[in-house]
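Walk through this model one site at a time. Keep the sequence and the structure side by side.

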Amino acid sequence: MFPCDFAWGAGTAAYQIEGGWDADSKGPSIWDTFCHGGGGRVFAEQTGDVACNSYELWEKDLQCIRQLGLTHYRLSFSWARLLPGGNTQDVNPKGVQYYNKVIDDLVACNVLPMVTLYHFDLPQALQDQGGWQSPAIANLFNSYAQFCFQTFGDRVKLWITINEPYVCAKLGYELGIHAPGLDEPGVAAYLVGHNMLRAHAMAWHSYNSIYRSKQRGAVSLAINSDWAEPCDPANPEDVAATERYLAFTLGWFAWPVFVSGDYPQTMRAAIDVQSKRLGFSGGSRLPSFSKDDPTILGTADFFALNHYTSRKVKPRGAFGQMLCMKRDQDTEDVLDPSWPVCGVSWLAVAPHGLRKLLKYIKETFNNPPVYITESGFSQVGPVQIEDVERCTFYQSTILELAKAVGEDGVNVRGYFAWSLLDNFEWADGYSVRFGLFHVDFSEAERTRTIYRSGREYAQIIAKHKSRTGPVDSS
Ligand code: GBH
């Protein structure tokens with residue numbers, strides 16, 4: 001039912017697991033600055049200074065990966081570990097050595113790496129030059145990407161340029177919940193998203209023209225999206241609100257890359273209407289692509305989807321005089337009471353949404369190959385190694401995935417559970433656990449212990465591997 005070369009993976013991100021925040025000449029990133037700045041922005045003032053200490057304990061991670069029987073492992077590179085000042089004039093050999101070891105070990109164990117170049121942790125040196133709000137960032141990112149393709153692309157065949165530009169832009173620049181902790185509502189996030197698309201596209205074009213013929217890999221960006229459906233499907237206002245919801249999340253980045261080279265019409269119209277209402281006179285807050293920008297359309301070799309949950313949507317109405325994304329989007333989302341809520345407030349379990357979203361992606365974006373690059377379930381409060389709720393989550397999610405592949409004919413190429421390990425869950429610190437392995441953060445060894453969900457995921461993988469026979473490596 002799943003193709004024989006289907007990727008069964010799990011993912012992590014550098015800042016969430018590595019620690020070694022200033023080890024061996026690593027430069028600081030915006031997350032180091034954000035966490036060290038205090039001010040109650042991260043749960044209990046926790047930091048990723050040590051995290052799972054994967055910088056020193058990589059071999060333990062490899063054991064976990066092997067224990068699960070993963071065919072693929074998704075990790076991210078810390079830009080500031082490779083290039084402490086953010087630019088390629090100053091390469092940190094110890095950083096190169098670390099990722100070389102990780103990649104070589106994976107390949108030696110027959111586990112294929114998928115590498116994310118950017119998972120929220122901009123070098124602080126580049127933030128000091130304007131970061132993602134400066135148009136110059138696209139060139140800098142492109143140089144970093146080229147450096148990585150050049151150095152690691154002989155072994156890495158699956159690349160994600162930027163993880164969740166939506167989250168970076170909105171949580172980092174609109175809401176101030178993530179680093180760099182800015183809140184310039186209604187303006188900055190659109191600019192950041194724009195520069196991320198320009199940066200992504202430049203990196204894709206570099207790969208395409210310089211590296212592809214030799215390295216034969218594939219490059220995309222990871223787009224996060226919930227599934228959304230109208231509260232009342234018979235109410236046209238709810239239907240329109242749902243369309244806006246999808247345009248402002250999935251559409252913001254998927255439309256330019258997969259459909260038109262530009263933002264969804266629905267999104268621009270909604271933003272311009274609110275600008276007008278509030279007498280904003282600085283032109284459209286959503287930037288436009290110019291002929292000097294790289295071509296955005298067609299810059300993804302597959303669709304990388306991070307998917308966690310679903311929403312029911314209706315219009316919001318009633319706002320104050322504040323310009324902000326929420327107002328532009330003008331939607332209110334509610335959870336169906338039948339969907340169980342897990343640890344964190346935003347994550348309601350509605351596995352049917354994955355199947356619907358995959359079908360929507362197939363139909364809207366011309367049947368692209370899809371990797372689900374994140375899917376997972378969190379635990380909050382007392383640790384339960386027998387994490388039966390998470391087991392149910394993975395069982396039911398993978399069942400919906402099987403239907404999407406088998407019945408709807410969606411071209412899904414792989415599934416990556418989030419996450420291999422309990423880790424630093426951004427503003428929630430260590431209070432929220434997403435791992436297939438429990439990590440004991442109270443002791444120096446950071447002991448990894450498999451959860452029941454990890455054991456069950458390993459069984460699922462083994463079952464599918466045996467059904468499809470060994471992967472032909474020729
Ligand atoms: C992923 O984003 C991240 O890629 C990953 O690093 C992280 O560990 C994982 O989620 C688990 O959280 O703060 O109420 O405004 C998932 C998509 C979108 C989920 C934003 C949380 C925040 C809601 N995220 N959402 S809120």
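Which are the buried residues of H7? They are Ile 137, Ala 138, Phe 141, Asn 142, Tyr 144, Ala 145, Phe 147, Cys 148, Phe 149 and Phe 152. Buried means under 20% relative accessible area, exposed over 50%, and partly exposed in between, with a 1.4 Å probe and protein chains only.

A word on the ground rules. This is a predicted model, in which local features need pLDDT of at least 70, side-chain atom pairs count only at pLDDT 80 or more, and totals for chains, interfaces and linings use all residues. Residues are numbered from 1 along each chain as its sequence is written, and side-chain values use heavy atoms, with hydrogens and water left out.

Stay with H7. This helix runs over residues 137–152 and has 16 residues. From first C-alpha to last it reaches 22 Å, close to the 22 Å expected at 1.5 Å a residue; the expected span is 1.5 Å times one less than the number of residues. Helices (H or I, at least four residues) and strands (E, at least two) are DSSP runs, numbered from the N terminus. The cover over the buried residues of H7 includes helices H4 (79–82), H5 (93–108), H6 (124–127) and H9 (188–215). It also includes strands S3 (112–118) and S4 (158–163).

Two of the buried H7 residues, Phe 149 and Phe 152, lead on to the aromatic rings. Ring pairs link them into a cluster with Tyr 55, Phe 77, Tyr 98, Tyr 99, Trp 159, Tyr 207 and Tyr 211. Rings of Phe, Tyr and Trp (its six-membered ring) pair if their centres lie within 6.5 Å; planes under 30 degrees apart count as stacked, over 60 as edge-to-face and the rest as tilted. Tyr 55 also has a charge over its face: Arg 81, at 4.0 Å from the ring centre. The test asks for NZ of Lys or CZ of Arg within 6 Å of the ring centre and within 35 degrees of the ring normal.

The whole structure holds 49 aromatic pairs. Among them, Trp 31 and Phe 34 meet edge-to-face, 5.0 Å centre to centre, with 70 degrees between the planes. Both lie in helix H2 (residues 30–36), three residues apart, about one turn of the helix. An α-helix has 3.6 residues a turn, so residues three or four places apart point the same way. Trp 31 and Phe 34 are both buried.

Phe 34 is also touched by Ile 177, as are Leu 171 and Ala 427, not counting residues up to four places away in sequence. Contact means heavy atoms within 4.5 Å. Ile 177 lies in the loop between helix H8 (165–174) and H9. Why does Ile 177 count as partly exposed? Because its relative accessible area is 37%.

Trp 252 gives another case, in helix H10 (residues 236–260). Trp 252 is buried, at 0% relative accessibility. Its contacts include Tyr 166, Leu 197 and Met 325.

Now turn to the ligand. Its surroundings include Gln 16, His 119, Glu 164, Trp 346 and Trp 426, where near means a heavy atom within 4 Å. A ligand oxygen is 2.9 Å from a side-chain N or O atom of Gln 16. For Glu 164 the corresponding distance is 2.7 Å. A polar side-chain atom of Trp 426 lies 2.8 Å from a ligand oxygen.

Notes
Polar contact = N/O pair within 3.5 Å; in protein donor to acceptor, adjacent residues only side chain to side chain.
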